[in-house]
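Trainee: I should like to take a close look at one part of this model, namely the way its helices pack against one another. Please place that part within the whole as you go.

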Amino acid sequence: PMLSSGRSEWGVGVLLFVGLACSGVLLLFVMRASPRLAFVVWCATLFFIPVWIGVSLGPFWSAITLMTGAAVVAFGRNLTLLPVDGVVTLLVFMMLAQYGLKLASLATVVTAMSEWILPYILGRLVLGRLEQPTFVDIVAVFVVVAAVLGLVEFGTHTNLFTRITGPGSVSLYETWGTLQERGGNLRVEGAFGHSIAFGATLAMGSAFILACRWKPWIKLIGLLLVTGAVAASLSRLALLTLALTVGLSLVLMPGLGRRLRVGILVLGGLGGVALLPYVTGILLAAGEEASGSADYRLDLMSLLKVVRPLGSAEDFVGLTTGGSYLGVFARSIDNAALVAALRVGWVGAILLLIVVGFAALRLLQRGGANPASIAVAAQIPSLFTVAFITQFAVAFWFLVGVAVSWPLLTPATRGSRRAKNE
């Protein structure tokens, strides 16, 4: 009977695997046939499925990683390569070589490939099959919906996403599924597992609200909702990058009408007057916690001593350097550039920053000021104050790829592509 039971369970497992595989293949065909649907599904995964939901096949693969891989297959077509793509290719070969030479672990390489490289590739591909206005509108809708859910979370003090768990995700859930507070107030984080990741992603999305095809008054309402949700995250960084994103959009983004610009300035002034006392009061109530957070980011610089030119840094959990115990930083390192250097060495981190710089500088080129390049440029301060965590990492590197691709699509190119798709 025990043998029969084991065979039955094995049979059920095989059937389940076959069913999932067939469903995955069918989904790929549907996504390939409908670029718009493919992108909507990807955005829904990014904004509304926590990073601890996924499957364990060797390493743990989050839902957004699996969906990004599927979207790359769905959008895969001919691609005009640029010198910056050569930098990314060099980075990929360098990471693989580091793993082969045992200078970096498999987990490090898999994380870098899934969180940095794969979303960048998708960003380079997506506009090849999706019209720019449609792309912008879809992103804007999801950003506003995420902001509304964030405000609901703030009003109800309940985050429904933290109640979602899946097999094989226990450790990730324990890391990201716990709610944060500041000054006794809940920090809104949506499905992103962290308030900074939530706020920073919405800040990037504000550029798409301003660039979409909605009427000016609807854009202002959307921007107001996003501002409220970012403020509810109680993240100083998210508020800063939101202000930078809107400011750069006002100055550089083409197509913004005069009424919209005036409305944004008025809304910004009123919002600042309304939100500043609230946010300041909470930060003052937080007291040592808020100031300690800032001091902690400065103390991270002591980790520079263990960074190598190539490969991962040595284990610093029990290391003391210059009287400082470096093990206190083992759980969290809120500095994306530093984390990259610790994972793949100084050379790899510099290559990553070159790619980001290229995408950000697109806004200074003719036709290069677009919502993606503005969002990336405004997030540069965050690279030194928060790590590439949860879906924020995917969203950021996706937009880096989009920013690189955007100026390549001239009106003539878009017209020929539309005719081809039709």
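Which residues in helix 10 meet which residues in helix 14?

Mentor: The model is a predicted one, and the contact in question is made by two short lists of residues. From helix 10 come Thr241, Leu244, Thr245, Leu248 and Ser249, and they meet Ile374, Ala377 and Ala378 in helix 14. Helix 10 covers residues 236-252 and helix 14 covers residues 371-378; their axes lie 9 Å apart, at an angle of about 140 degrees. That angle makes helix 10 oblique to helix 14, because roughly antiparallel is a term kept for angles over 145 degrees. The crossing of this pair is right-handed.

The setting of the pair may be described next. The protein chain has 16 helices and six strands. Of its 422 residues, 49% count as buried. Among contacts between residues at least 6 apart in sequence, 77% join residues at least 24 apart.

The loop that precedes helix 10 deserves attention. Leu234 lies in this loop, between helix 9 and helix 10. Its phi is positive, at about 55 degrees, although Leu234 is not a glycine. Most residues other than glycine have a negative phi. Leu234 counts as buried because its relative accessibility is 3%, where the limit is under 20%.

On the other side of that loop stands helix 9, residues 216-232, which packs against helix 6, residues 132-156. The axes of helix 6 and helix 9 come within 8 Å and cross at roughly 45 degrees. Helix 6 and helix 9 are therefore oblique to each other. Helix 6 passes helix 9 in a left-handed crossing, whereas the crossing of helix 10 and helix 14 is right-handed. On the side of helix 6, the residues in contact are Val143, Val144, Ala147, Val148, Leu151 and Phe154. Their partners in helix 9 are Gly222, Leu225, Val226, Gly228, Ala229 and Ala232.

Helix 6 also contains Gly150. With a relative accessibility of 0%, Gly150 counts as buried. Leaving aside residues up to four places away in sequence, Gly150 touches Val188 and Phe198. Val188 is 38 residues from Gly150 along the chain, yet their C-alpha atoms are separated by 6.1 Å.

A further helix pair offers a useful comparison. Helix 4, residues 83-100, and helix 5, residues 106-126, have axes that come within 10 Å and cross at roughly 165 degrees. Helix 4 and helix 5 are therefore roughly antiparallel to each other, since their angle is over 145 degrees. Their crossing is left-handed. Helix 4 contributes Val84, Asp85, Val88, Leu91, Val92, Met95, Leu96 and Tyr99 to this contact. Helix 5 answers with Leu106, Val109, Ala112, Met113, Ile117, Tyr120 and Arg124.

The loop between helix 4 and helix 5 holds Lys102. Lys102 has a phi near 60 degrees, a positive value in a residue other than glycine. Lys102 counts as exposed, because its relative accessibility is 76% and the limit for that term is over 50%. Leu234, by contrast, is buried. The two loop residues thus both have a positive phi, while Lys102 is exposed and Leu234 is buried.

Side-chain surroundings elsewhere complete the account. Thr45 is placed in helix 2, residues 35-48. At 5% relative accessibility, Thr45 counts as buried. Beyond residues up to four places away in sequence, Thr45 touches Ala63, Ile64 and Met67. As for aromatic residues, the structure holds 17 aromatic pairs. Ring pairs link Phe39, Trp42, Phe135, Phe208 and Phe398 into a cluster.

The cysteines may be mentioned last. Cys43 is buried, with a relative accessible area of 1%. Cys212 is likewise buried, with a relative accessible area of 4%. The structure holds zero disulfides.

To return to the request, the contact between helix 10 and helix 14 is an oblique one with a right-handed crossing, and Leu244 and Leu248 are among the helix 10 residues that take part in it.

Conventions. Residues numbered from 1 in each chain as written. Predicted model: local features only at pLDDT ≥ 70, side-chain atom pairs only at ≥ 80, totals over all residues. Heavy atoms only, no water. Disulfide = S-S within 2.5 Å. Buried < 20%, exposed > 50% of the residue type's maximum accessible area, 1.4 Å probe, protein only. Phe/Tyr/Trp six-rings, centres within 6.5 Å; stacked < 30°, edge-to-face > 60°. Axes fitted to C-alpha atoms, helices over the stretch in contact; angles between N-to-C directions. Helix = DSSP H or I, 4+ residues; strand = E, 2+ residues; numbered from the N terminus. Parallel < 35°, antiparallel > 145°, perpendicular 65-115°, else oblique. Left-handed = near helix turned anticlockwise from the far one by under 90°. Contact = heavy atoms within 4.5 Å.
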